[in-house]
Structures are given as structure tokens and as C-alpha cells.
Amino acid sequence: MNIEDLLRETLSDMAHEEQPPPPGRFFQVNRGRSRRRGLALATAAAVAVMAVGSTLVVQGLSSQVAVSKDLATRGSGETLAETEQVRTTLTVREGLRLLQTLEQLSTATGRPRAEFERAAGNGKALGLPAYARGALEGFAFPGTYEVSPTSSPGELLAAMVTRFNRAAEASDLVDGAGRVGRTPLEILTIASIVQAEATDRRDMPKIARVIHNRLNHKPEMRLSMDSTIMYGLNKSGVTASDEDLGSRSPYNTYARLGLPPGPICNPGPDAIEAALKPATGPWLYFVTTDREKGVTKFATSESEFFELVEEFKRNRGTD
Amino acid sequence: MDPGFEADFREFVVDRSGALFRTAYLLTGDRHAAEDLVQSALAKTAAKWRSLRDPAAIEGYVRRVMYHEQVSWWRRRSRVAEVSTGWLPEQIGDGYAEMVDLRLVMRAALARLTPRQRTMLVLRYFEDLSETEIARLLDVRVGSVRSQIYRSLERLKKAAPELSTVREFG
């Protein structure tokens, strides 16, 4: 390869490392020049669907520049008439880790992930409750958000925290945590594990019960949740390998007693509700015996648990 | 600007702003400077829209404004923007890491060129324009483009001695 080819490849790499901003950003060129009536360059929706693993969908992009009524009705096609109602919405799925969330916000807005990371690091500005201790993981509430081309990373993340604070109030998180003998952050951590482990939301209260039962067990019992190890290793998936089990991270709940230091994802309202109000029962184990069909079974004794593990292996087709 | 112009312009921006932004990013090496450059070139184009009824001419005009503005903008400023080298590859394969290292070296070397030299390289090796076309766009003689590009390549090699290993990957 010669230097010219290397230059071509380098430039081509560089050209694709930054996502272009939404076209709407460029329609603000004539803002403020009111002397030319109706000149506002409003844009129609540039519909962009960026579904990454179907976790996030951008339904439409538009500028916030007002189009004069006059111009809209004189009509230059349907697109112009739509201008007044189009907006960008982002749907952030339940159970995403903060890093995944930031990545997808970055993809959707065309801003570098580093900007979101910087904003995420400024916990005070985001309106986090004191018990979050400045960390955003667990508090970036899932849901659908409206985004304008001018929203900053800090505004977007603050909107997610606001939504969390509202949900926490609605489910009486702080007082409810006290009633089950946990701190609010512990409840949110439990909720995040429930969210990560559950394949069917109907199982959430029972999974939450298993976690509470293990934490309260005498003699002491470890949580032993694969999902927490995988979080600590920053690996995807919820099934840890033998090697993963040797992880020395504080999120290795096979090795350490009690809960991990904080939430492992951003749980939705069902998981938070389950953590606050677990089902009643003696279970200490659960196994998702059939991941495809989303079947999770619960056990109280170790021998029952091993039977479930056998069932899981049969379903997976390995021994 | 009547609705017809307005709609054309809107369509043009929706279709082409991504491509314009990518070129602007290569010219400036900075996301925000790139957005400003595109925005400013579009604003100037919008003002001349009436005299540009040929749609095929529009992009050429915007780009021309962009290139000129970049060169003159740099002339007015002494500061040189850093090229971010924070980018890392997602997969590493055989010999891939070495190639990536070389590209990072290349980027750092590009950042040390003058704006005019850098612009010419982007036009030649990213936009794939001929020396004649570049000369026409920047209002300079072909001979000047040729010698500037030659000198830039030499400078890239010299600024980054690591590039001498480039042949091993040929």
C-alpha cells in the first residue's frame, strides 16, 4: 500500500466517525432575519429510523423553526403541512445499561457519546436524588422522550432523571424501601437485577422475592446472580461463564455477600414495583428453563434447583 | 424566497447535509467547526438561491463556498485545531491494529498541514477530484495544486516517520 491509499482510507475512516447532525440543525440559517417575511426555512420531517437491536427508535426529525401560516397553507407539498406537528421521539427500552443508553442517545441525536458521558458525570446538574450518590446508573428512566435538534445531552439526561423522580414518587420508593428494611438505592439495585434477570414481567415479583429471601437468609447466603457479574465485566448477556465467575469486581455476587454497589441497569416501573412489593413465598432459586419461551421456574431447596438446571440444559440441547 | 425555492432548498439540505458535513469534518477536524462551516455555506447559498435555478449547480456552489471559507477562515486564525485521536476500532483482526496505528499517525500528521494543503488533500483523496477541478474550485493554477499536493504528501511522510513502514502492508 502506498501513502495515497493510506490517506484515502484514513480520510474515509474519519469521515464516518462523526454522525452528521440532523438536517434540521441547518434550517436555522435565517432565524432572526424577520425583515424577509415568511423566510423561515422550516424543514419537513426527515424520517430516520435508527433501530439498534430494536431498542431505540427515532420516529422523525425536524427543526423547531416555525413556519409561517401563510407559507404552510400556500403549500409546497404535504411535507410542509406536516411541519407543525413533527418532532423526534426516542424510545429507551427498560433494562438498558447506562453505557448502552448513552450510545443510543448518541446515535439518535448525532452527537458524540463523549458529550453524553460528560453530561452523565455531572450528577448534580441532572437533578439526581441524594441517595444516588452522584451516579446516573439506575436513574436514567426508560420511556419515550421528545427530542428537538437543539436539546443538549444534559437536557436529555435530566429529562430521564425527572421521569425517574416522578416514578419514584408515584411508587413511594423512599418510604416503601424503609418498610421492607432497605435503603432506596438498595431497592433500585434489586429492581435493576430483577429487570435484568426477568424474561417475563409477570415473574418479576417472584424474582424480587428470591433476592429479598437471599439477602435476609440465615445463615448468610450469596445472591449469586450472573447478571451482576456480567455488568461488572461490562459484557453483554446474563449468563456468566466459569471464567466470569472468578471475576474480582465488586459486582461478583457469587464471591461477595449482599447486593452489588449500585444498580446494574435502568429498571422500569414494574421492576421497581416488584422490588418494593415482592410476591410472598419461600423461594431461594430461580432458573429460566426456556429462554426462548420466557419460562422461569422457582425452587426452595437445592435439590429442586438442580432439577431445574437439568431442565434448562435439556432445553438448551447441551449437557 | 418563494415556497418553490424554499421547498427545493429544504429538500437539498435534507438530502445532502450529511455528505456536506462529512467533508466539512475532514476539512476542519472538529465537529463544531464542521457544523458551523456547513451552516455558513448554506446561509450564503440560500441568499443566492434565485440565481441558482439549476439544481445540479447548487451543491457545487455550496461546496465552493465551503472550501473558500475554510481556507480564508484559517488564514484569519492562528490557532490550529487538534485532530481527535480518541477514535478506536471495534474489531481487531490480523494486522488490523498496525493499520489503525498508521491511520492515527496519519491523522496527527494531517493536523499539522496548512488548511490550504489539507483542503487540497481532502478534495483530491476524499472527493476524488482531479487536479484541474481542484484548481478551478480554489481559483488557483493547476501547477500550484500539483506542487502543493506533492509537497503535502512529502510533509506527511516526513512528519510521520512511522509511515515509512507502510510498504510492509502492501
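In chain A, strand 3 (residues 285–290) runs antiparallel to strand 4, and 5 bridges join the two. This is a predicted model. Chain A holds 13 helices and 4 strands. Of its 319 residues, 39% are buried. Among contacts in chain A with a separation of 6 or more, 63% link residues 24 or more positions apart.

**The hairpin in chain A**

- Strands 3 and 4 of chain A form a hairpin, with 4 residues between them.
- A:Gly294 sits in the turn and has a positive phi of about 70°.
- A:Tyr285 has A:Ala299 of strand 4 as its bridge partner.
- Side chains alternate along strand 4 (residues 295–299) of chain A.
- A:Thr296 and A:Phe298 point to one face and are buried.
- A:Val295, A:Lys297 and A:Ala299 point to the other face and are not buried.

**Nonpolar cores**

- Nonpolar side chains tend to be buried together in soluble globular proteins.
- The largest nonpolar core here has 58 residues.
- The members that touch the most others are A:Leu157, A:Ile190, A:Ala191, A:Val194 and A:Ala275.
- Helix 9 (residues 184–197) of chain A gives this core its largest share, 8 residues.
- Domain 1 (3–170) and domain 2 (175–281) of chain A each supply at least three residues to this core.
- A second, separate core has 39 residues, including A:Leu11, B:Leu26, B:Ala41 and B:Ala46.
- Beyond its neighbours within four places in sequence, A:Leu157 is in contact with A:Ala119, A:Ala120, A:Leu126, A:Leu136 and A:Ala140.

**Helix 12 of chain A**

- Helix 12 (residues 269–276) of chain A is mostly covered, with 6 of its 8 residues buried.
- The buried residues are A:Ala271, A:Ile272, A:Glu273, A:Ala274, A:Ala275 and A:Leu276.
- A:Ala275 also appears among the residues that touch the most other members of the largest core.
- The cover over these buried residues includes helix 7 (153–170), helix 8 (173–179), helix 9 and helix 10 (204–216) of chain A.

**B:Val145**

- B:Val145 lies in helix 7 (residues 142–159) of chain B.
- B:Val145 counts as buried because it has 23 C-beta neighbours inside 10 Å, and the cut-off for a buried residue is 20 or more.
- Setting aside neighbours within four places in sequence, B:Val145 is in contact with B:Met120, B:Glu131, B:Ile134, B:Ala135 and B:Val140.
- B:Arg124 is 21 residues from B:Val145 in sequence, and the two are 9.7 Å apart in space, C-alpha to C-alpha.

Technical notes:
Residues numbered from 1 in each chain as written. Chains lettered and ligands numbered in written order. Predicted model: local features only at pLDDT ≥ 70, side-chain atom pairs only at ≥ 80, totals over all residues. Core = buried A, V, L, I, M, F, W, Y, C linked by C-beta atoms within 7 Å. Buried ≥ 20, exposed ≤ 12 C-beta atoms within 10 Å, placed from the backbone. Domains from an automatic or database assignment. Contact = placed C-beta atoms within 7 Å. Pairing = 2+ DSSP bridges.
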